[in-house]
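Visitor: I am new to this structure and should like to look closely at a single part of it. Please take one helix as the subject, and then place it in its surroundings.

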Amino acid sequence: MNRENRITWINRLLLPVLNVLTAFAVTAVVFWLIDVNPLEAAEILLYGAFGYEEGIGYTIYYTTNFIFTGLAVAVAFHAGLFNIGGEGQAYIGGLGAGLAIFMLDPTLGAWLFIPASIIGALLFGALWALIPAYLQAYRGSHIVITTIMFNFLAASLMVYLMVHVLREMGQMTPQSELFPTNAWMPFVHDVAAGMGYSIEASPLNLSVLLALVCAVAVWFFLWQTRWGYAIRATGKNSTAAVYGGIKPKRVIIVAMCISGALAGLVSINELVGYQHRLVMDFHLGYGFGGIAVALMGRNHPVGIIVAALLFGTLYQGGAELAFEMSGVSRDIVVVMQGLVILFCGALEYMYRPWLIRTLAPVTQQTSAAGVTV
Amino acid sequence: MSDLLLTLLLTLDATLRVSSPLILAAMAGLFSERAGVVDIGLEGKMLAAAFAAASVAAVFGSPWLGLAAAIVASCCLALLHGFATITHRGDQIVSGVAINILAAGLTIILGLAWFHQGGLTPALNNESRFLSITLPYVEQLAFIPVLGPIYKELISGHNILVYVAFAVVPLVWWVVFRTRFGLRLRAVGENPKAVDTAGLSVIKLRYQALIVGGILCGIAGAYIGTAYNAQFTRDMTAGQGFIALAALIFGKWRPLTVMLACLLFGFLDALAVRLQGVQIEGFGVIPVQLIEAAPYILTVVLLAGFIGRAIPPKAVGTAYVKER
């Protein structure tokens, strides 16, 4: 293998794997610090996530959320944008889904309700990303700052609407009335029962199929279409893209709207699929989790599904862990997310100089050939 | 008249208390961004510092030890940010996000393991907190109209960290605009190559800026954990780090205007508390959420260039690569 090939292998495979392992290792240290045996914890965690049918259902249910937000962050990443506003877009997406459902006649069939709620979530999520995108493209304000601000704006707006406008009559808790049953995304255990299989009940619903469809669609869009090419070209080098006839401003708008729309779909899984009403804070943590998922999945749909499954496992397993061990809570998953973002994102190239020095050193021959790193 | 004055004074008094951590955190952000390092992690550093302060104060019964622990915790995260973004040239925003999330998770996990109170730290008694200080001659001067009450209600009766926060502002101004270190700091945020050419270490200067920021965020966190509140609670900084970031932009990276922005945002917060459910003639009830959201709306509008223009330091967000 020549040096160039080795460097490609280091960048593509070795580095990402080492980064994830480092994040795992540091998590183990955290476990050890709080006097928990990491191996025992891992065992409980895996049992909670995969040991019984209900657990598996929950795991895939959480995975669905992470696929949506991971894809959302990745699409923006490909355009060279950091969409930190997945939290807010998911929240407002829920408003869109809810409003679409409440506007329709409750006697209509599910064939109308479910597409309507999906379109509502897509539109509102996209809208909440459109404003920061427009400000970045045409007014020069930084997308990261504006999307952070929009997360808080979404929270304030939703508190206001939930308390004053959408709250169910006569109820103290700020939540809307129940969606009509026709509008519910079918549970997987119900669908299975209809086909003659019996599965333990869990929140897992057909939104997971929607997530997989989105993953395929994102792959097709990014790598097989003209617009996807424009997005990736802008992300790699927007100055060069201009000479290819690409308009970066439009690319920013399109990429962010798709990103926001994908984040908005979290509400389909959470609200239309499980809670069946508008509630507060259903989105918490998934927007930021999406950043970890996208970084770990290397912004590729396949990687994102794998990373989302890992975080889904941690979410569900973490709940089991908190139940089994008194000194641990599910927040260990948050720590792990932080570590993944740190080591797979910010410290992505930490090992690179060292790996290149040891595995692909510059020899007389290569340096004479003028190969640069 | 005196009733109105008193209401106004109490609102302003609350403003000072709410603004103090914002000012400290915004000054921390000012140092780091002036040196060319974006600091999204203000929130996480404050949260970690609040946790460290509340934990150490609870165990050792001294707010000062708590403050020291807060500064250490916050500086550790600042160094981590530096290690990722300066040494390894990682993405500054990704690193900041990582710090925020890490702090949010670790504070709960460690709190749970150490104190077994569901992630809270034990409630602090008065000896282990920073308490309000009554300035001298409050009663003797109270007879003076207007100024007397202002001195008594507004200026006196805060804890020491509030005074520290307001004393830090002119100090920061002096350091950034009147000292050699400040000149170099600003240069490194505008044109690091020039600084490097002049024979100064870009890396060292940026680390120094981050450490100063770490210290200031540590004080802010100690204020939140042991002065404004009496124990650590989950996510207790509640977005104040981001408000400070907004204030930093709103104040255009200048100490005095940033302080004014913090005061404005603090005032809006105090106002929101005071106007909760209050009926105003001709308006009805003003939605509190709108006032709470105002700092974010104002910052977005400013960033969009509709009121003035916020131009960040030129080299902010980019790692410095020394040419070979």
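Guide: The model shown here is predicted, with an ipTM of 0.90 and a pTM of 0.90. The part chosen for a close look is helix H8 of chain A, which runs over residues 207–224.

Let us begin with its length. Helix H8 of chain A has 18 residues, and at 1.5 Å a residue these should span 26 Å. The C-alpha atoms at its two ends lie 25 Å apart, so the expected and the computed span agree.

Which residues of H8(A) are buried? They are A:Ser207, A:Val208, A:Leu210, A:Ala211, A:Cys214, A:Ala215, A:Val218 and A:Leu222. Around the helix axis they cover an arc of only 145 degrees, and therefore they sit on the same side of H8(A). The spacing of such positions follows a general rule: an α-helix has 3.6 residues a turn, so residues three or four places apart point the same way. On the face of H8(A) turned away from the buried side are the exposed residues A:Leu209, A:Val213, A:Val216, A:Phe220 and A:Gln224.

The next matter is what the buried side meets. The buried residues of H8(A) pack against five elements of chain A: helix H3 (53–78), helix H9 (226–236), helix H11 (248–264), helix H12 (266–275) and helix H14 (301–324).

Two of these partners lead further into chain A. Helix H3(A) has 26 residues, which at 1.5 Å a residue should span 38 Å; its end C-alpha atoms are 37 Å apart, in agreement with that expectation. H3(A) is mostly covered, since 23 of its 26 residues count as buried. After H3(A) comes A:Gly80, which has a positive phi near 80 degrees. Helix H14(A), for its part, is joined to helix H13 (286–296) of chain A by a loop that holds A:Asn299. A:Asn299 is not a glycine, yet its phi is positive, at about 60 degrees. A:Asn299 counts as buried because it has 22 C-beta neighbours inside 10 Å, where 20 or more are required.

Chain A as a whole is built with 17 helices and 0 strands. Its radius of gyration is 22 Å, close to the 21 Å that the globule rule gives for 373 residues, so chain A is as compact as a globular protein of that length. Along the principal axes, the C-alpha atoms of chain A fill a box of roughly 80 × 55 × 40 Å. Of the 373 residues of chain A, 53% are buried. Among the contacts in chain A with a separation of 6 or more, 75% join residues 24 or more positions apart.

Beside chain A stands chain B, and the two chains touch. To this contact chain B gives 36 residues and chain A gives 38 residues. On the side of chain B, the elements that give two or more residues are helix H3 (63–87), H4, helix H11 (240–250) and helix H13 (288–303) of chain B. The largest share comes from H4(B), with 15 residues. By type, the residues of chain B on this side divide into 24 nonpolar, 10 polar and 2 charged.

B:Ala98 gives a view of this contact at one residue. B:Ala98 belongs to helix H4 (residues 92–115) of chain B, and it counts as buried because it has 34 C-beta neighbours inside 10 Å. Across the contact, B:Ala98 touches A:Gly338, A:Ile341, A:Leu342, A:Gly345 and A:Ala346. Within chain B, the C-alpha atom of B:Ala98 is 8.8 Å from that of B:Gly44, although the two are 54 residues apart along the chain.

Chain B has 13 helices and 4 strands. Its radius of gyration of 20 Å agrees with the value near 20 Å for a compact globule of 324 residues, and its C-alpha trace spans about 70 × 50 × 40 Å along the principal axes. In chain B, 52% of the residues count as buried. The average pLDDT of chain B is 89, and 97% of the residues score at least 70. Chain B also has a non-glycine residue of positive phi, B:Asp235, at about 50 degrees. B:Asp235 lies in the loop between helix H10 (202–228) and H11 of chain B, and with 13 C-beta neighbours inside 10 Å it counts as partly exposed.

Methods. Residues numbered from 1 in each chain as written. Chains lettered and ligands numbered in written order. Predicted model: local features only at pLDDT ≥ 70, side-chain atom pairs only at ≥ 80, totals over all residues. Rg over C-alpha atoms; globule rule 2.2 N^0.38 Å. Buried ≥ 20, exposed ≤ 12 C-beta atoms within 10 Å, placed from the backbone. Contact = placed C-beta atoms within 7 Å. Nonpolar A, V, L, I, M, F, W, Y, C, P; charged D, E, K, R; others polar. Expected span 1.5 Å × (residues − 1). Arc of directions from axis to C-beta. pLDDT = per-residue confidence, 0-100.
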